[in-house]
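Grab a pencil and open the viewer. Here are a few short exercises on strands, sheets and helix packing, each with a worked solution.

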Amino acid sequence: MSKFKIICDAPGQTCNRLWSYLDTVSWAIKNEGKVYVINWDIDIKYFPNLLKSRYCSFPFYSQTFFKLFGEDRWKGICAILSLNSLARNFRKTEVAEYLGFLNGWDLRENHKYYPHVSKSVLQEVFSPNQNIIQDVSSELKKYKSEGYFIVGVHMRGGDYRHWENGQYFFEKEEYRKFMSQIKTLFAKEKVCFFISTNEQYDKSYFNEFTLCELNKNTTAIHDLYALSQCDRIIGPHSSFSRWASFIGDVPLCYIEHGGEILSDSDFSLIKDFYHFQNGKRIRI
């Protein structure tokens, strides 16, 4: 058995990529192997344990090359070298398969190895940097010390306005409705909400709720880590909230247009890319 594998393509945004690394890195942990990632996501710099892991390497993520070419230009060069038609056709050959070349997009649904790796080990490998952990923890601690039950709300805008004809985009009023249902469901708890969004919004629109907010100048990875530290998560179908649920062991509920959240059983931990632990299949 080969002791290394090579992920060549660039499967979507950050969390799709994290999902694509998960099972292969777990293979490396189980077999003392190593995974080489040719392309990288712009947010990979926030995951130093993954960058420096003995099980995973980003050989072309190099400050030397960044100084010579500029990070964006060098990233583009690597993409051209690994994603051109010749490289794509080579990865379909038996030779490429024998040498361990893999298509990252196809790896997201693999779950052969990571269920057999300690979750604490995976949480360490895929942990963001200490600055992000400290920024998030210091803010959430204020609310947790006051007894708040924190529900993360993944309020996805941007591309979701048009992706799949907008079927997974929700207006602010819809989010407010689901948040009201959450307050009713957890009436015995002191509920506050952490809103993760990729758009600006008027906070006064949610002034009937207690909002748990991070400091300004945070990144998407701050939001991702914050969701993973909440007590529950709601949001539309997304690999972002799915990753937060999986890596943080936080029950997640996907919202639907016209749907209702009536029971805590509507929430479940994520088992793998396409399944909740309660057996419900994620259809996209």
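**Exercise 1.** Which residue in β8 does I233 stand opposite? Then work outwards to the strands on either side.

*Solution.* Keep in mind that this is a predicted model.
- Step 1: I233 stands opposite L252 in β8.
- Step 2: Zoom out to the strands themselves. β7 and β8 (residues 252-254) run parallel and are joined by 3 bridges.
- Step 3: Now look at strand β5 (residues 148-155), which is parallel to β7 and linked to it by 3 bridges. Here I233 is the bridge partner of G152, while V151 stands opposite R232.

**Exercise 2.** Which residues of β7 point one way, and which the other way?

*Solution.*
- Step 1: Start from the rule of thumb: side chains in a regular strand alternate between the two faces of the sheet.
- Step 2: Apply it to β7 (residues 232-235): R232 and I234 go one way, I233 and G235 the other.
- Step 3: Check accessibility, with under 20% relative accessible area as the cut-off for buried. All of these β7 residues are buried.

**Exercise 3.** In what order do the strands of the sheet with β7 come? Find the edges, then the helices lying on the sheet.

*Solution.*
- Step 1: The order is β6-β5-β7-β8, an open sheet of 4 strands with parallel pairing.
- Step 2: β6 (190-197) and β8 each have a single partner strand, so each has one side without a neighbour in the sheet.
- Step 3: From one strand to the next, the twist averages 20°.
- Step 4: Helix α11 packs on this sheet, touching β5, β6 and β7, and its direction makes about 150° with that of β6. Helix α12 lies across β5, β6, β7 and β8, at about 160° to β8.

**Exercise 4.** How do α11 and α12 pack, and at what angle?

*Solution.*
- Step 1: The axes of α11 (residues 220-228) and α12 (residues 239-248) are 8 Å apart, at an angle of about 50°.
- Step 2: The two helices are therefore oblique to each other, and their crossing is right-handed.
- Step 3: List who meets whom: A220, D223, L224, L227 and S228 from α11 meet F240, W243, A244, I247 and G248 from α12.
- Step 4: Sort that contact by class and you get 7 nonpolar, 2 polar and 1 charged residues.

**Exercise 5.** What is the strand order in the open sheet that holds β1?

*Solution.*
- Step 1: The order reads β3-β2-β1-β4, with parallel pairing.
- Step 2: β3 (56-57) and β4 (101-102) are the edge strands, each pairing on one side only.
- Step 3: Helix α1 (residues 14-31) packs on this sheet and touches β1, β2, β3 and β4.

Conventions: Residues are numbered from 1 along each chain as its sequence is written. This is a predicted model: local features need pLDDT of at least 70, side-chain atom pairs count only at pLDDT 80 or more; totals for chains, interfaces and linings use all residues. Side-chain values use heavy atoms; hydrogens and water are left out. Axes are lines fitted to C-alpha atoms, for helices over the stretch in contact, and angles run from 0 to 180 degrees between N-to-C directions. Angles under 35 degrees count as roughly parallel, over 145 as roughly antiparallel, 65 to 115 as roughly perpendicular and the rest as oblique. A crossing is left-handed if the near helix is turned anticlockwise from the far one by less than a right angle, and right-handed if clockwise. Contact means heavy atoms within 4.5 Å. Ala, Val, Leu, Ile, Met, Phe, Trp, Tyr, Cys and Pro count as nonpolar, Asp, Glu, Lys and Arg as charged, and the others, Gly among them, as polar. Buried means under 20% relative accessible area, exposed over 50%, partly exposed in between (1.4 Å probe, protein chains only). Two strands pair if DSSP finds at least two bridges between them.
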